[in-house]
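This report describes one protein chain for a reader who has not seen it before. The sequence and the model come first, and the description follows.

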Amino acid sequence: MQILESDGDLPAFFQESGCVATVGVFDGVHLGHFHVLREVVGRAKESGLKSVMVTFADHPKSVLIGRAPATVTSLEHRLLLFRRAGIDATLVLRFTPELRELSAEDFTRKYLLDGLGLRELVFGFDSKFGKNRSGNPESLRPLSEDLGFAITEVPPLKLAGRAVSSTFIREAVQLGDLKSASLMLGRPVSVLGTVVPGDQRGRELGFPTANLDLHHELHPPRGVYAGLVRLPGSKKPGLLQAVINLGTRPTFDGIAEKTEVHLIDFEGDLYGQDLEVYFLETIRREIPFEDADALRTQIQADLVDARKILANVDQNWRIPGEFLPIEGSRAGDLRPDSR
């Protein structure tokens with residue numbers, strides 16, 4: 001997937017070949033988003049065009065109201081998921097005060113038509129852009145008729161009668177409701193982080209861990225989890241089994257919150273690598289222990305529990321392909337709204 005930035009001219013071949021595009025933050029790249037992306041990719045292939053995602057480096061609310069909600073997925077993580085969905089190129093825009101003042105019509109002309117050679121614009125559920133979020137299928141219909149591009153609306157995807165949304169996913173993740181969040185995401189709750197040096201506390205206990213510098217703020221509550229880890233830069237396919245610890249390590253009077261990942265039956269140097277970590281099931285909440293020996297005993301028990309949980313992982317989750325998110329087998333009641 002090609003990554004484009006608004007600084008400077010966009011490649012000329014986009015204007016020549018044309019594209020099918022959609023616009024939005026797409027935080028979480030959940031099943032509702034994936035439903036839209038699949039439409040973009042499919043229509044582009046049918047027409048011999050490029051499929052393009054136009055997104056924002058930072059959440060627009062950080063400029064609009066001075067603060068933004070904790071993100072489910074960082075920009076780096078979103079780009080990874082866009083690529084897996086089959087998108088040919090993503091244009092990343094900085095949501096500046098100047099961009100905020102750009103009308104939907106001017107945004108469409110500058111970035112989509114003149115910049116990307118837009119042939120068809122796909123809108124997802126409640127999708128809007130431009131100043132005062134005035135750009136929607138109805139308001140842009142006259143412009144599309146004048147300038148010759150098509151507009152397509154994708155109905156919302158619903159779970160138990162409620163449209164899947166990033167807001168509901170944030171709430172579920174923060175409450176530790178991994179099941180509900182994963183159903184809406186179409187994959188387990190996950191974080192993307194870079195392995196950085198730690199204080200070797202895990203190695204001293206006999207359980208070496210990879211310490212992650214997370215690329216975004218949102219993650220489940222403090223505790224110990226059974227999970228899977230993908231090495232995005234690795235040439236080896238598949239996912240690695242892991243025990244994940246989120247917390248301050250109260251046994252050692254820790255203050256700073258850390259994300260530590262112990263890869264089961266794995267040896268190797270991971271410093272500097274990006275890990276995509278999936279949380280499958282909670283093993284226990286964070287609690288302090290009397291000493292290191294008591295903690296070591298508990299970690300051994302945690303590892304036993306994790307092995308049991310992960311032994312049947314293939315029965316509960318379909319392992320992701322190159323261009324698909326992990327899709328939960330329990331997501332049968334998700335459906336597009338027919339209205």
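## Helix α4 and the rest of the chain

Helix α4 is followed by Gly 86, whose phi is positive, near 95 degrees. Helices (H or I, at least four residues) and strands (E, at least two) are DSSP runs, numbered from the N terminus. The model is predicted: local features need pLDDT of at least 70 and side-chain atom pairs count only at pLDDT 80 or more, while totals for chains, interfaces and linings use all residues. Residues are numbered from 1 along each chain as its sequence is written, and side-chain values use heavy atoms, with hydrogens and water left out.

Helix α4 covers residues 75-84, and eight of its ten residues are buried; buried means under 20% relative accessible area, exposed over 50%, and partly exposed in between, with a 1.4 Å probe and protein chains only. Among the buried residues of α4 are Leu 75, His 77, Arg 78 and Phe 82.

For the chain as a whole, the secondary structure comes to twelve helices and 17 strands. Of the 339 residues, 52% are buried. The chain exposes about 16,300 Å², of which carbon and sulfur atoms supply 48%; accessible areas come from the Shrake-Rupley method with a 1.4 Å probe, and for residues only the protein chains shown count as cover. Among contacts (heavy atoms within 4.5 Å) with a separation of 6 or more, 73% are between residues 24 or more positions apart.

Six strands form a closed barrel in the order β9-β10-β13-β12-β11-β14, with antiparallel pairing; two strands pair if DSSP finds at least two bridges between them. Neighbouring strands of this sheet are turned by 45 degrees against each other on average, direction ignored. Helix α11 packs on the sheet, touching β11, β12, β13 and β14, and its direction makes about 105 degrees with that of β14. Axes are lines fitted to C-alpha atoms, for helices over the stretch in contact, and angles run from 0 to 180 degrees between N-to-C directions.

Two buried residues, one of them in α11, are set out here.

| Residue | Place | Relative accessible area |
|---|---|---|
| Asp 302 | helix α11 (residues 292-311) | 2% |
| Gly 24 | loop between β2 (19-23) and α2 (31-47) | 12% |

Leaving aside neighbours within four places in sequence, Asp 302 is in contact with Val 224, Ile 283 and Arg 284. On the same basis, Gly 24 is in contact with Met 53, Val 54, Thr 55 and Phe 56. The C-alpha atoms of Gly 24 and Met 53 are separated by 8.0 Å, and the two residues are 29 residues apart along the chain.
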